[in-house]
Amino acid sequence: MDLGETAVKARAFSYFRAATIDHALDAHARAGDDARFIAGGQSLVPALSLRLQAPRLMIDITHIDELRGVRREGGHLRIGALTRHCEMLSEPLIAEFAPLLHAAAPFVAHPAIRNRGTFGGSVALADPASEFPAMTLALDAEIEIAGPSGRRRVRADDFFIDLFETALQPGELITAIYVPLFRADQRFAFDELARRRGDYALVGCGILATFAGERIHDIRISYLSVGNTPTRVRGAEATLVGSRLDAVRIAAAQAALEGDLAPPESDEVPPAMRLHLARVLLGRLLGRLGEAA
Amino acid sequence: MTAPLTSLDRPNSYIGRSVPRPNAKRLLAGRGRYVSDLRLPRMLYAAFLRSPHAHAKIVSISTEQARAVEGVHLVATGVDLAKICTPWTGTLDHFKGMTSAPQWPLPVDRVVWAGQAVVAVVAESRAIAEDALELIEVDYEDLPVVVDIDSAREAGGALINPGSVNNTCFRSQLDNGTVDDAFAHAAHVVEEEFTFGRHTAVTLEPRAIVADYDPADGALTVHHGTQTPYQFQDLYSRHYNIPEARVRVIATDIGGSFGMKLHVYHEDMAVVGLSILLGRPVKYVADRMESFVSDIHARDHRVRARMALDAEGEILAMEVEDLTAIGAFSTYPRTSVVEGNQVIRLMGAPYRFKNYRATLEVIFQNKVQTSQYRAVGHPIACAVTERLVDMAAAKLRLDPFAIRAQNVIPDDAYPQTSPTGYRFEALSHQACLTRLHEMMDYDGLRAKQADLRKRGIYRGIGIATFVEITNPSPAFYGVGGARISSQDGAILNLTPSGEVRCLISVTEQGQGTEAIISQIVADQLGLAQDHVKVITGDTEVTPHGGATWACRGAGIGGETALQATRALKRNILEIAALILQEQPSALDIVDGQVVDTATRNQRIPISEIARIAYFRSDTLPPGTQAQLTVSHHFAPQGYPFAFTNGIQGCLLEVDVETGLIRLLKHFIVEDCGRVINPMLVDEQLRGGIVQGLGAALFEECRYSDTGQLVNGSLADYLVPMPMEMPDIVIGHVETPTADTELGAKGVGEAGTAAASACVLNAVNDALAPFGATINSIPITPMKVLTALKRF
């Protein structure tokens with residue numbers, strides 16, 4: 001198709017390709033914050049084309065080396081913000097040290113989107129229906145942010161504030177996500193319920209559990225597609241800590257979800273149905289965790 | 001030992017053979033000529049400002065700022081275009097009492113659905129046009145919005161068309177036999193209310209048009225992604241008052257249509273007017289969001305139906321009430337009531353009973369128009385009938401195959417008339433039922449189902465018989481006053497090198513029309529297929545005809561090609577006979593060579609006949625005028641429609657905790673008469689089934705209570721995707737029509753006709769152990785979980 005002249009078009013904007021983080025931050029400030037950072041563009045470009053967003057300046061951060069790469073740093077895996085979704089599937093360090101991300105990656109949209117979309121971009125957008133933001137919660141990850149006032153690290157638990165609203169301030173960008181290294185006493189599980197493979201899930205869930213023998217020492221359960229933000233279910237987690245994964249405990253955790261979740265109204269998935277699906281999914285995932293011993 | 005020789009073993013026997021489509025390679029190589037790709041010198045681009053309201057009065061439109069944008073050439077409103085374009089009304093005379101309001105390219109005083117185009121901007125690029133759209137201010141005054149069937153029918157409720165007495169577009173009734181008596185004396189009655197959501201075509205290439213008016217010549221050329229160039233030639237000529245011979249519509253490659261692109265769209269008519277106003281080519285390609293709010297939608301029915309049976313399971317009668325909501329207008333020129341009309345006429349079509357009563361009520365509402373889309377009316381009639389048959393079978397403790405075998409019209413009982421008045425020449429329900437039963441390994445599936453149920457796995461098996469309308473005669477549109485042809489024309493000529501060019505009025509939408517026409521021509525003339533070139537879709541070049549829709553391309557277009565080829569062959573052999581001093585009847589053509597009919601000995605290549613006729617006519621006997629170009633038209637006669645039939649089967653698994661449904665396998669046995677290209681027929685069936693499965697489980701245009709389409713993007717509107725589609729197993733029964741030499745009937749809609757019915761029956765079969773039922777399409781997880789009372 002003759003995209004140049006007939007497709008839906010974004011409003012005109014200026015383009016700047018940043019070579020370093022400082023360049024990018026500086027350009028943003030100079031544009032009076034009427035600017036957007038762009039990396040994979042898998043959410044931003046459609047929003048521009050639909051004219052839902054029309055910034056004066058687009059700052060391309062895809063050539064900033066510092067935002068790339070996956071490596072061990074002490075007890076963490078440092079995943080550069082530009083790491084593409086497809087690399088979550090192909091990068092051996094992720095499979096070994098952040099297997100929950102590896103398990104969630106095939107559920108992220110379709111190959112064409114995974115080839116361009118970035119981990120940092122997904123976390124920055126904080127779409128409550130996206131897999132990776134929710135998994136940063138389950139992993140107890142830390143998000144490294146660069147901004148005009150310097151660098152800081154924010155725990156995932158403190159990062160997601162409301163619908164598409166995060167701890168990121170205007171002019172800040174995510175540089176990397178730090179994930180604690182997966183250990184031998186841990187187990188994980190991920191799954192989601194969707195009408196079609198690759199769709200936004202009706203509900204999705206990832207779990208990272210630390211075991212002391214057969215008992216759960218610590219567990220983090222995080223949902224996607226259940227509310228305005230990625231959502232940890234602390235009530236359900238609490239019912240499981242210190243226990244074995246038996247049918248009674250699993251049922252108690254499922255019951256606790258009612259206090260953890262308040263799904264929004266929706267014509268296709270009413271709140272009660274979404275809560276029901278969240279329970280079903282939790283039952284299945286905890287069952288799998290139990291079998292994984 | 002070798003297999004016995006068949007007719008397919010003789011040279012040039014292409015009818016019945018799976019040969020590749022000659023145009024497939026070109027399309028795969030990216031060499032398609034789509035209107036979306038077209039760029040003409042001095043071409044401008046149109047974009048449309050759309051109504052955010054489902055129903056509102058247009059108080060004022062302010063366009064000054066938009067006009068001032070650099071690169072903008074024209075800003076036009078409904079009033080501007082109404083000065084040069086006459087309005088149209090989507091009614092047909094044979095739908096007695098039907099009403100619909102007049103329509104203009106853009107509305108002059110009122111908007112009637114959210115997304116309706118209101119103002120057009122033409123600029124040097126689409127981006128500039130969209131920039132200018134943002135500067136247009138329209139002052140609207142809200143009017144009451146009518147979005148659901150019940151509020152549309154409320155006495156004293158809001159009216160969509162001022163001056164009308166109610167929101168009814170059309171009513172119709174059928175009453176045959178003694179329905180009341182049959183129900184009064186029935187041993188069993190099953191009854192249900194069914195709902196069918198709206199869905200839409202979602203073609204790969206959206207609607208696309210380039211209108212090019214040349215004021216010096218007074219001529220209009222329209223490059224139009226449509227199935228029906230002749231229909232649009234007529235409409236552009238008459239509504240813009242340009243002589244027909246000066247209107248040319250070119251419809252080359254098209255990225256899917258499925259019926260969606262044969263209707264008049266307001267934007268398309270506007271683009272023609274914009275080109276006339278500017279004297280320059282103007283292009284418009286709908287984007288995906290625009291497609292969702294402006295392409296026709298389909299279905300949207302609520303059907304209450306009941307079926308009476310005797311104690312042995314013999315169907316005695318059906319009574320049906322169909323309410324369907326079509327949008328604010330009836331579509332032009334084919335109307336929006338054909339679907340409802342076919343719904344009430346196709347009910348019960350496979351079965352023997354004679355007592356039938358139906359009412360149809362077609363209602364306006366503030367949504368985009370519905371109209372003909374693949375398998376018009378069939379999926380509704382099929383789902384209602386087949387679900388009732390299954391409900392009856394359950395009540396009588398009969399197997400779904402057994403009750404159908406007991407009630408279908410026997411294969412040896414034709415001709416027959418359906419309880420709704422359709423005349424059937426010859427159908428093959430019994431043969432199809434038997435074949436499907438074997439093909440599915442039905443007994444094996446049932447045993448496995450029972451076994452899995454013990455382990456908490458709920459599989460469902462569903463079957464659905466169907467009848468499909470194909471090869472329509474003038475009874476379809478012509479009698480209603482529509483200038484839509486049911487005949488086709490072909491011009492065939494032998495080139496000086498002995499090849500054949502065939503210009504034919506049927507069109508190619510990707511289904512392989514050009515392939516089967518070249519097969520028929522090559523087969524009938526006695527020539528290699530690659531020596532036949534087929535040209536379609538240009539009103540300046542190809543003869544006037546109906547084009548390709550309603551499954552008429554193979555049956556009517558194919559017969560046109562067959563008869564035209566036989567005429568050309570006669571003319572070639574006449575010249576050959578003169579040259580060879582033989583009787584024409586003693587000669588035949590095989591592989592491009594004139595041969596002795598009796599001995600098959602080669603006498604002279606047809607290229608030599610062409611050479612002599614074109615370049616050395618002096619060597620032919622005096623008075624000889626070789627006619628190596630023939631034109632021929634064929635209009636269907638005999639039965640008003642060539643009905644086809646078949647049966648589908650579905651195996652699926654319902655996750656009773658999540659409501660998600662996994663399609664495991666799908667089956668179809670289909671009878672489309674003579675099969676010209678088995679590979680293309682199978683792929684038509686598969687594509688049609690996939691569209692039907694989309695309707696069954698995924699596709700629905702959902703509206704808010706203010707009339708806003710809430711899922712108008714491909715992220716939210718779910719089309720069927722490969723991961724969710726099952727393998728499809730295909731079988732054939734061939735009952736050729738005797739109305740034509742070719743014997744072909746249509747096949748393009750058979751898959752869609754029964755796929756959703758089949759899934760509906762299979763889901764209900766899976767849910768049977770829970771006493772839960774579903775009678776609504778699409779079958780969403782919410783409907784399943786609600787039926788199972790899981791939340």
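User: How many residues does the contact take from chain A and from chain B?
Analyst: This is a predicted model, in which local features need pLDDT of at least 70, side-chain atom pairs count only at pLDDT 80 or more, and totals for chains, interfaces and linings use all residues. Residues are numbered from 1 along each chain as its sequence is written, while chains are lettered from A and ligands numbered from 1 in the order in which they are written. With contact defined as C-beta atoms, placed from the backbone, lying within 7 Å, the contact takes 21 residues from chain A and 27 residues from chain B.

User: Which element gives the largest share of the side of chain A that touches chain B?
Analyst: Helices (H or I, at least four residues) and strands (E, at least two) are DSSP runs numbered from the N terminus, and α1 (3-6) and α13 (271-291) of chain A each supply at least two residues of that side. The largest share, five residues, comes from α13(A).

User: How do the residues of that side of chain A divide into nonpolar, polar and charged?
Analyst: Ala, Val, Leu, Ile, Met, Phe, Trp, Tyr, Cys and Pro count as nonpolar, Asp, Glu, Lys and Arg as charged, and the others, Gly among them, as polar. On this scheme, the side of chain A that touches chain B divides into 10 nonpolar, two polar and nine charged.

User: Which helix gives the largest share of the side of domain 1 of chain A that touches domain 2 of chain A?
Analyst: By an automatic or database domain assignment, chain A is divided into domain 1 (9-60), domain 2 (66-180) and domain 3 (187-291). In the contact between the two domains, 12 residues of domain 1 of chain A meet 17 residues of domain 2 of chain A. The largest share of the domain 1 side, five residues, comes from helix α2 (residues 21-30) of chain A.

User: Which strands are the edge strands of the open sheet of seven strands in chain B?
Analyst: Two strands pair if DSSP finds at least two bridges between them, and this open sheet has the order β3-β5-β1-β12-β9-β10-β11 (chain B), with mixed pairing. Strands that pair on one side only are its edges, namely β3 (72-76) and β11 (247-250) of chain B.

User: At what angle does helix α7 of chain B run to β11(B)?
Analyst: Strand β10 (residues 219-224) of chain B and β11(B) pair in the parallel sense over four bridges, with V247(B) as the bridge partner of L220(B). Angles run from 0 to 180 degrees between N-to-C directions, and axes are lines fitted to C-alpha atoms, for helices over the stretch in contact. Helix α7 (residues 229-239) of chain B lies across β10 and β11 of chain B, and its angle to β11(B) is about 150°.

User: Which helix gives the most to the largest nonpolar core?
Analyst: A nonpolar core is a set of buried Ala, Val, Leu, Ile, Met, Phe, Trp, Tyr and Cys residues joined through C-beta atoms within 7 Å. The largest has 338 residues, and among those with the most contacts inside it are I207(A) and A46(B). With 11 residues, the helix that gives the most is α19 (residues 750-767) of chain B.

User: Is F95(B) buried or exposed?
Analyst: F95(B) is found in the loop between α3 (78-82) and β4 (110-111) of chain B, and it touches F170(B), T335(B), V337(B) and G480(B), not counting residues up to four places away in sequence. A residue is buried if 20 or more other C-beta atoms, placed from the backbone, lie within 10 Å of its own, exposed if 12 or fewer, and partly exposed in between. Because 21 other C-beta atoms lie within 10 Å, F95(B) is buried.
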